[in-house]
Structure formats: C-alpha cells, structure tokens
Amino acid sequence: MENKNGGDIRAFPLSPKSSFKKAIDIIEWKKLKNTNSPYNENYSSIHPLRRVVGLIILDRKLDLGFDILMDNWLEFPGMQYFTGETVFNGERPFSKEEFEEVSSRISKELENFIKDSLSEIEDIDFIHTKSSFSLNSI
C-alpha cells in the first residue's frame with residue numbers, strides 16, 4: 001500500500017558529513033523519553049515530542065521565520081530526520097498558530113533540554129552562507 005504523504009524516509013540516507021546528521025548524533029534524544037511533564041498547564045499535543053522539540057530547536061537555531069522553516073522542512077529530508085520522522089512528509093506538520101501554541105506551552109524541563117541541545121550544537125552550521133561559486137570566478 002502506498003503512503004499518501006511520501007515514502008520511507010530511510011530511502012533518503014544522510015551523509016555522515018551532513019550538519020543534520022552531526023546534530024542528531026550530538027543531541028541526547030533518549031532524554032526525551034524520561035521527560036516527566038513536557039508541557040505546562042495540563043496541555044498535551046497530538047504531535048510526537050521529538051517532532052515538537054526538533055522543530056523548536058530548528059526554529060531557534062536557524063531563525064528563518066515559520067513559513068520559511070516549514071518550506072525547508074518539506075524539501076529537505078535532513079530536517080525531517082532531525083525531527084524524528086520515519087516517513088517523508090509532503091505537508092506541513094503544524095499551522096503557525098498551532099506551532100506558537102505548542103511552543104509556548106513547553107515545561108521548564110523541556111525548555112532546559114532545548115537550551116542544552118542548542119548549546120551542544122552551537123558550532124554546527126546548518127545553513128552555509130559561503131559559496132565556492134561566484135561570478136568573479138568565471
């Protein structure tokens with residue numbers, strides 16, 4: 001049976017040199033399973049915690065704005081791997097309002113995990129602003 005969202009994301013292997021692969025290997029994702037209360041005020045989300053946390057980390061790290069972040073998440077398997085996806089998705093996982101809501105409801109424990117993760121991957125550049133190609137080199 002064909003998946004309407006896309007194919008198995010493992011069909012898009014990441015290079016060991018990929019910035020996303022490096023960050024995935026550095027962040028201690030297993031700690032999420034031990035999180036007592038990921039959200040405040042008896043709030044819960046229908047989204048997997050890894051997706052929520054991964055997108056919050058990417059949002060803070062890349063500072064692209066919601067629409068650009070989501071457009072890139074749709075196009076780049078590395079970003080979807082980073083958020084723990086197993087199936088390549090062709091639709092945005094959140095509306096802007098839903099993402100703002102879930103981001104504002106994270107617990108102090110989860111906020112600390114995100115801050116620690118951002119600190120651990122601080123030196124990793126996900127966006128390469130320098131290009132080896134320039135018009136002057138032609």
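This is a short talk about a predicted model of one protein chain.

Okay, hi everyone. Since the model is predicted, let's start with confidence. The protein averages a pLDDT of 85, and 83% of the residues score at least 70. Where does the pLDDT stay under 50? That happens over residues 130-138, and for that stretch the model has one contact beyond four places in sequence. Where pLDDT is low, the predicted coordinates should not be read in detail. I'll leave that stretch alone.

Now, the core. The largest nonpolar core has 33 residues. Trp29, Val53, Ile57, Leu58 and Phe82 are the ones with the most contacts inside it. Which elements give two or more residues to this core? They are helix 1, helix 2, helix 3 (66-75), helix 4 (77-82), helix 5 and helix 6. Helix 2 gives the largest share, eight residues.

Pick out valine 53 on your screen. If you leave aside its neighbours within four places in sequence, valine 53 is in contact with Trp29, Leu32, Leu110, Phe113 and Ile114.

Next, aromatic rings. A search of the whole structure finds eight aromatic pairs, and I'll show you two. A pair of aromatic rings is described by the distance of the centres and the angle of the planes. For phenylalanine 66 and phenylalanine 99, the centres are 5.8 Å apart with 35° between the planes, and that pair is tilted. Phenylalanine 66 sits in helix 3 and phenylalanine 99 in helix 5, so the pair ties together parts that are 33 residues apart in sequence. Are these two rings buried or exposed? Phenylalanine 66 is buried, at 11% relative accessible area, and phenylalanine 99 is buried too, at 5%.

The second pair is phenylalanine 82 with phenylalanine 126. Here we have 6.1 Å centre to centre and 70° between the planes, which is edge-to-face. This pair links distant parts of the chain: phenylalanine 82 belongs to helix 4, while phenylalanine 126 is in the segment after helix 6, 44 residues apart. Phenylalanine 82 has a relative accessibility of 0%, so it counts as buried. You've met Phe82 already, among the residues with the most contacts inside the core. Its partner, phenylalanine 126, is buried at 10%. Both also belong to a bigger group: ring pairs link Phe20, Trp29, Phe82, Phe113 and Phe126 into a cluster.

On to charges. How many salt bridges does the structure hold? Eight, and I'll go through three.

The first joins the side chains of aspartate 25 and lysine 21, at 3.1 Å from N to O. Both lie in helix 1 (residues 19-26), four residues apart, which is about one turn of the helix. Aspartate 25 is exposed, with a relative accessible area of 52%, whereas lysine 21 is partly exposed at 28%.

In the second, arginine 105 meets glutamate 41 at 3.2 Å, N to O. This pair links distant parts of the chain, 64 residues apart. Arginine 105 is in the loop between helix 5 (96-104) and helix 6 (108-120), and glutamate 41 is in the loop between helix 1 and helix 2 (49-62). Arginine 105 is partly exposed at 22%, and glutamate 41 is exposed at 63%.

The third is arginine 60 with glutamate 111, at 2.7 Å, N to O. Arginine 60 is in helix 2 and glutamate 111 in helix 6, 51 residues apart. Why does glutamate 111 count as buried? Its relative accessibility is 15%, and buried means under 20%. Arginine 60, on the other hand, is partly exposed at 37%. And there's a network as well: salt bridges that share partners join Glu41, Glu101 and Arg105.

One last stop, histidine 47. You'll find histidine 47 in the loop between helix 1 and helix 2. Histidine 47 counts as buried, at 10% relative accessibility. What does histidine 47 touch, leaving aside its neighbours within four places in sequence? It is in contact with Val52, Pro93, Phe94 and Glu98. Take a look at proline 93 in particular: its backbone oxygen lies 3.3 Å from a polar atom of the histidine 47 side chain.

That's my tour, thanks for listening!

Conventions. Residues are numbered from 1 along each chain as its sequence is written. This is a predicted model: local features need pLDDT of at least 70, side-chain atom pairs count only at pLDDT 80 or more; totals for chains, interfaces and linings use all residues. Side-chain values use heavy atoms; hydrogens and water are left out. pLDDT is the predictor's confidence in each residue, from 0 to 100. Contact means heavy atoms within 4.5 Å. A salt bridge is a side-chain nitrogen of Lys or Arg within 4 Å of a carboxyl oxygen of Asp or Glu. Buried means under 20% relative accessible area, exposed over 50%, partly exposed in between (1.4 Å probe, protein chains only). A polar contact is a pair of N or O atoms within 3.5 Å; within protein, one must be able to donate a hydrogen and the other to accept it, and residues adjacent in sequence count only if both atoms are side-chain atoms. A nonpolar core is a set of buried Ala, Val, Leu, Ile, Met, Phe, Trp, Tyr and Cys residues joined through side-chain atoms within 4.5 Å. Rings of Phe, Tyr and Trp (its six-membered ring) pair if their centres lie within 6.5 Å; planes under 30 degrees apart count as stacked, over 60 as edge-to-face and the rest as tilted.
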